[in-house]
Amino acid sequence: MFAEKFNSLMNIAEVSNSSLSRIIHINSSHIGRLRSGARPLPKKHEYLSSICLYLAEHLKKDYQITALQKLTGIGNAALDTKEKTALYLEHWLLNQDHDTSPATGRLISGFSHFSPKTSNSMFTNGETEDNLASYAKHLYGNAGKRQAVEQFFLLILQEKKPQTILLFSDENMSWLYEDINFSIRWKELFTKVILKGNRIKIIHSISRDLNEIIEAVQKWIPIYMTGMIEPYYYPRIRDGVFQHTMFIAPNTAAVISSSIKQETEGMLNIFLTDKSALHALTKKYEQYLSLCRPLMNIFTERNKDDFRKAIEGFLYADGDICLYCAVPPLFAMPKQLVKELAEKPGNGDLLELWELCLSSFQKTIKNQAVSITLPDPQLAMLKPLFIKFPLPKLFSFKEFAYTKEQYLLHLDHLQKLARRYKNLTVTLRNDLEFNMTLYIKEDVVVIMAKTDNPVSAFVINEHNMINAFWDYLKNHKSS
């Protein structure tokens with residue numbers, strides 16, 4: 001994650017954006033965007049060597065060297081000369097995560113193929129759990145973690161009232177995956193906890209490999225789509241030495257542990273039920289949560305009123321756009337057709353939404369690229385049930401399908417816009433999912449929306465995940 005690494009180096013070297021900009025002849029605001037992650041490091045980055053050499057020249061004080069070693073792991077040999085230091089820093093900054101395209105593709109596929117049938121098979125009440133009469137307080141290693149987590153869930157299931165459960169762990173997750181029987185048991189217990197009305201707040205560890213994060217999100221999709229979970233992440237780099245686990249049910253119990261550099265053999269897991277201890281741990285978790293950001297916002301029919309507010313929040317932000325959808329976007333609909341569809345019962349706000357989208361498009365297309373990928377219209381004609389306005393339930397409209405004539409009119413108007421604006425490109429493919437809408441605004445947001453039941457949308461603002469989606473769609477478009 002270049003931005004976080006680069007920002008940390010700038011802070012340790014005590015170098016300002018303006019002083020660096022004078023040396024490498026790049027605008028200081030551009031450097032600020034590199035530091036914040038608002039602008040990724042370009043593939044052609046000839047200036048990076050100069051940046052690292054300048055930073056190396058300002059890393060002289062003992063406390064700076066100590067901080068640098070903790071952050072990067074640089075050895076004394078690489079500190080002999082500023083040239084060696086600069087070369088090490090350049091390699092460290094460029095040591096990016098592995099290609100995330102396959103994991104991103106699996107996430108998109110898993111999301112699009114989620115259905116009420118698969119939902120019901122996962123969220124089955126099953127047999128009632130027996131009451132937990134006794135439990136261990138001190139447990140060791142991965143086997144102990146599994147026992148502690150099972151105790152944790154069983155006590156929660158004995159509660160009469162639901163609560164908000166607080167989860168965080170950046171420890172090695174082998175305790176969950178190395179025993180397949182326990183993985184199945186964990187899923188069953190977690191499902192029952194959700195079904196009893198308990199909500200979840202979870203802080204994901206973005207310091208893990210990005211592929212691992214994307215795969216984890218894929219596994220959590222059925223739970224995310226219940227609307228009962230709030231995912232967050234801590235945006236800064238941690239030193240990676242100490243890892244921690246905090247699983248807290250504020251009214252019931254907690255599991256806490258710590259380990260060193262992912263080594264969990266023989267680690268102590270503490271199982272607590274003392275009310276004062278739970279209160280203290282809850283306060284600690286909330287303090288950490290206050291430093292975090294939402295990893296994504298999940299919208300279903302339950303919170304549809306907030307979906308449009310979220311859309312309007314980034315509609316006018318600068319950034320190139322990639323859009324995959326089953327039908328042409330709303331801004332490309334001819335006005336007469338909008339008026340015709342707005343007359344249908346329940347669609348009174350369609351005209352207002354169209355005007356908002358059109359205004360945003362007209363602003364964007366002047367300086368930004370807009371790339372739209374649609375199914376081949378001949379294929380679309382063979383599947384008339386899929387030719388319908390996307391996400392009507394999240395926009396508080398009644399569901400309605402196009403006639404073939406309306407669809408072709410909409411597509412024709414989009415193609416006219418593409419001929420008028422050089423920044424607008426339209427690509428037709430025969431391998432797209434008809435129940436998916438993917439909208440990515442570079443460096444700003446990802447919207448991954450499922451347009452058939454159960455209708456839902458993930459809105460993602462974390463920069464590394466945005467970049468992963470952006471790279472995936474760009475590669476997919478050219479393949």
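Why are Lys-416 and Asp-412 separated by about one helical turn? They sit four residues apart in helix 18 (residues 404-420), so that spacing follows from their places in the helix. This is a predicted model, and a search through the whole structure turns up seven salt bridges. Here's a quick look at three of them, plus a serine in a loop.

**Within one helix: Lys-416 and Asp-412**

- The side chains of Lys-416 and Asp-412 pair up in a salt bridge, at 3.5 Å from N to O.
- Lys-416 has a relative accessible area of 42%, so put it down as partly exposed.
- Asp-412 comes out at 32% relative accessibility, so this partner counts as partly exposed too.

**Helix to helix: Arg-185 and Glu-150**

- Arg-185 and Glu-150 make a salt bridge, and their closest N and O atoms are 2.9 Å apart.
- This pair links distant parts of the chain, with the two positions 35 residues apart: Arg-185 belongs to helix 11 (residues 180-195), while Glu-150 belongs to helix 9 (residues 141-157).
- Buried or exposed, or something in between, for Arg-185? The relative accessibility is 21%, and buried means under 20%, so Arg-185 ends up as partly exposed.
- Glu-150 is partly exposed as well, at 25% relative accessibility.

**Helix to loop: Lys-363 and Asp-318**

- Lys-363 forms a salt bridge with Asp-318, and here the closest N and O atoms lie 3.2 Å apart.
- Lys-363 is in helix 16 (residues 350-364), and Asp-318 is in the loop between helix 14 (304-314) and strand 10 (321-324), so the bridge ties together parts of the chain that are 45 residues apart in sequence.
- Lys-363 shows 38% relative accessibility, which makes it partly exposed.
- Asp-318 is exposed, with a relative accessibility of 56%; the cut-off for exposed is over 50%.

**A loop serine: Ser-16**

- Where does Ser-16 sit? You'll find Ser-16 in the loop between helix 1 (2-13) and helix 2 (17-24).
- With a relative accessible area of 33%, Ser-16 is partly exposed.
- Its side chain makes a polar contact with the side chain of Ser-18, at 3.2 Å.
- Ser-16 and Ser-28 are 12 residues apart along the chain, and 8.8 Å separates their C-alpha atoms.

Conventions: Residues numbered from 1 in each chain as written. Predicted model: local features only at pLDDT ≥ 70, side-chain atom pairs only at ≥ 80, totals over all residues. Heavy atoms only, no water. Salt bridge = Lys/Arg side-chain N within 4 Å of Asp/Glu carboxyl O. Buried < 20%, exposed > 50% of the residue type's maximum accessible area, 1.4 Å probe, protein only. Polar contact = N/O pair within 3.5 Å; in protein donor to acceptor, adjacent residues only side chain to side chain.
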